[in-house]
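Q: Could you walk me through this one? I have not looked at it before, so please explain the words as you go.

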Amino acid sequence: MIRLALEMLIGDRVKALGLMLGVAFTAFLVTFAAGYFAGFMTNGFALITENSAADVWVMDPAVMSVEATINVTDAALNRVRAVPGVARAWPMLLADVEARFPNGRFQTFQLVGLDDVTLAGLPDSASPDVAARLRTPDAVVVASGGTSGKLGTPAQLRDQWPYDGAHLNVPLRPLAAGDQVLVNGLRVRVAAQARVLERFPPRPLMYTGIANARRLLPPERQRPTFVLVRARDGVSSRQLAQRIERQTGLRARPRDAFKADTVRWYLVNSEDVGDMTAMLMLAMVVGFGVAGIMLYMFSYENLRQYAVFKAMGASGRQLVGMVLAQAGGVAVLATGIGLGLCSLAGSAVAASGHPFRMLWFAPVLGAGGVLLISLTAALISVRPLLKLSPGEVFAGR
Amino acid sequence: MAVVCQGLTKQYGHGSNTFQALRGLDLTVATGELVMLVGPSGCGKTTLVSILSAVIEPDAGECRVLGQDLIAMTPDEKTRFRRTHVGFVFQTFNLLPALSLAENVAVPLFIAGRHRRTALAAAEQLLDRVGLAGRADAKPGELSGGQQQRVAIARALVHGPSLVVCDEPTSNLDHRNGQEMMKLLRDTALAANRTVIVVTHDPRILGYADRVVHMDDGRIVTAPAPSSSERVGG
């Protein structure tokens, strides 16, 4: 009977194709949306990803993510270094700064103050030459951080540092090595423009040594935001984090746990994520609704055929099995098509710089959602089926 | 006797919208007999065969079919009764367009849980008997109306039922196909001493009946005794 059900399903090719594409579209939509969401969240903890040398992140006890931070005391670095199991610890300073371009335009940057000794956390694409230049006084490395068109400096010399006021609407070119901008009224030199992981929310970034960062920031902002820790060989990050918390009173999180914290923080606190989630939920509901209605309609249109089966002695269990087989068949095939399309589309959009990540939960969500809605639609379809009188097939009825 | 019913009544609807389909109907059909039920629309023919094939229950009366008391049966028992003992031929054939002819014929065997290979083999044998040898893999849409009704007859017989119920089997067929279909039904169904009950409006096929039962307003108007015959031809 299961085979009959599947043959009935594919027998009407046009209807079956429409149904399949409808459900496949839902699988695609849900998976793509989840992939995009994963991409945004991945961008949200890009700073943690960039600092792969750090096993444990230490911060103020109130800090729950890399997005909303407050600084720790200068003493925190040495206190962390004193914890057994710490191989290496270095500071990182985060701050938002206003940078003024030579034509008078200004732009908010996230300033990332790196350990002066190691420059750990400097984007991988920055060459050793750039690292050397970053050690010179006043040097910074800038990056778009997922933005576009925000790192433009006047193309013409006459528009740079003019004496006759701002030259705002002038031709621009990307910032390059040797260009200068003002940060908090102090001149800095661009050592390079680096390519870094995109951020969520997107924002221009400015990397520099922590000493230079302190020079650029007002006194109350000059303390480190994080202490990054490398664990000794054989010491687990989790155990070390617990030890640091016990010994310093600071919050210490292993790298992956801090990523999860950050995602959770975005889910709870970010209005952007809330809006995005609402849109995604709407898309999912529409997709699920379409898929569910199409599946229901398919079963409903086949009611007469089921009545024939029923008249011939098919049991309710057999009929339910047939409907579930059809729904399951559609769900499995359509999910495969949807996920395949999503992989292709996701690769394309990711290659073009969009924040798409096919993390494990995206296809699981897509497949699970489609299976759920297929099952629900099938169960709803079963009701009229079970109430159906086999007498419906007689001419006089 | 294949069918012994007494005092069957059946009413549809409630309150002022009630319709009395059967009004104390008595009917007896002998084993191996081909009985045709005729009468105007709404006279209760379809309700009667629905009761006889254990599809619906009467409101009152007694009904024994093939020696079994239909009134006392549970719904599951009725389902098993239909599955095992009843074959159906419908006015609109009700073949499944997605399935091959052999699969259509084998549906009652699939429902009964028979293995696919043996079911299809049995179906092909029946198709041979109804003159559709070599068409087992064709789809119903490739056949004429007459051929489709042959497939429906094969389907009604494939599981060896003792009772075959036909609901207006010739009303969608032209005269020649109608005659051929009835001849085939007589030859194949009655050959195994099955009982056949045909609901029809088609006077041209009455000659194939062993007995014609006239109904009107939920009652039997004229019904020769099972031993006699009103058969006029065939």
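A: Let me start with a term: two strands count as paired if DSSP finds at least two bridges between them, and strands (E, at least two residues) and helices (H or I, at least four) are DSSP runs numbered from the N terminus. This is a predicted model, in which local features need pLDDT of at least 70 and side-chain atom pairs count only at pLDDT 80 or more, while totals for chains, interfaces and linings use all residues. Residues are numbered from 1 along each chain as its sequence is written, chains are lettered from A and ligands numbered from 1 in the order in which they are written, and side-chain values use heavy atoms, with hydrogens and water left out.

Q: OK, so in which sense do strand 1 and strand 4 of chain B pair?

A: Strand 1 (residues 3–12) and strand 4 (residues 60–65) of chain B pair in the antiparallel sense, and 5 bridges join them. At one place in this pairing, Cys5(B) has Cys63(B) of strand 4 of chain B opposite it.

Q: And what order do the strands of that open sheet in chain B take?

A: The open sheet has 4 strands in chain B, ordered 2-1-4-5, with antiparallel pairing. Its edges are strand 2 (19–29) and strand 5 (68–69) of chain B, each of which pairs on one side only.

Q: What about the sheet with 6 strands, how is it ordered?

A: That open sheet, also in chain B, runs in the order 6-7-8-3-9-10, and its pairing is mixed. Strand 6 (86–89) and strand 10 (219–222) of chain B are the edge strands, since each pairs on one side only. From one strand to the next the twist averages 25 degrees, where angles run from 0 to 180 degrees between N-to-C directions and axes are lines fitted to C-alpha atoms, for helices over the stretch in contact.

Q: Which way do strand 3 and strand 8 of chain B pair?

A: Strand 3 (residues 34–38) and strand 8 (residues 195–199) of chain B pair in the parallel sense over 4 bridges, and Val35(B) stands opposite Ile197(B) of strand 8 of chain B. On this sheet packs helix 2 (residues 75–85) of chain B, which touches (heavy atoms within 4.5 Å) strand 6 and strand 7 (163–167) of chain B, and the direction of helix 2 makes about 75 degrees with that of strand 6 of chain B.

Q: Switching to helices: at what angle do helix 5 and helix 6 of chain B cross?

A: The axes of helix 5 (residues 145–157) and helix 6 (residues 175–189) of chain B come within 10 Å and cross at roughly 20 degrees. These two helices of chain B are therefore roughly parallel (under 35 degrees; over 145 is roughly antiparallel, 65 to 115 roughly perpendicular, and the rest oblique). Among the residues that meet there are Ile153(B) and Leu157(B) of helix 5 and Leu184(B) and Leu185(B) of helix 6 of chain B. The residues of this contact of helix 5 with helix 6 of chain B divide into 6 nonpolar, 4 polar and 2 charged (Ala, Val, Leu, Ile, Met, Phe, Trp, Tyr, Cys and Pro are nonpolar, Asp, Glu, Lys and Arg charged, and the others, Gly among them, polar).

Q: Why are helix 10 and helix 12 of chain A called oblique?

A: The axes of helix 10 (residues 303–311) and helix 12 (residues 361–387) of chain A come within 10 Å and cross at roughly 50 degrees, and helix 10 and helix 12 of chain A are therefore oblique to each other. Leu303(A), Tyr306(A) and Lys310(A) in helix 10 of chain A meet residues of helix 12 of chain A that include Pro384(A) and Leu385(A). The contact of helix 10 with helix 12 of chain A has 5 nonpolar residues, no polar ones and 2 charged ones.

Q: Where do the residues of strand 1 of chain A point?

A: In strand 1 (residues 56–59) of chain A, Val56(A) and Val58(A) point one way and Trp57(A) and Met59(A) the other, and all are buried (under 20% relative accessible area; exposed is over 50%, partly exposed in between, with a 1.4 Å probe and protein chains only). Strand 1 of chain A runs antiparallel to strand 11 (residues 251–254) of chain A, joined by 4 bridges, and Trp57(A) stands opposite Arg253(A) there. Strand 1 of chain A also pairs with strand 10 (residues 226–231) of chain A, in the antiparallel sense over 3 bridges, where Val58(A) has Val227(A) as its bridge partner.

Q: Last thing, what kind of peptide bond joins Phe200(A) and Pro201(A)?

A: The bond between Phe200(A) and Pro201(A) is cis, with omega about -10 degrees, and Pro201(A) lies in the loop between strand 8 (186–194) and strand 9 (205–209) of chain A.

Q: And is Glu168(B) buried or exposed?

A: Glu168(B) counts as buried because its relative accessibility is 9%. Although Glu168(B) is not a glycine, it has a positive phi of about 45 degrees, and its place is in the loop between strand 7 and helix 6 of chain B.
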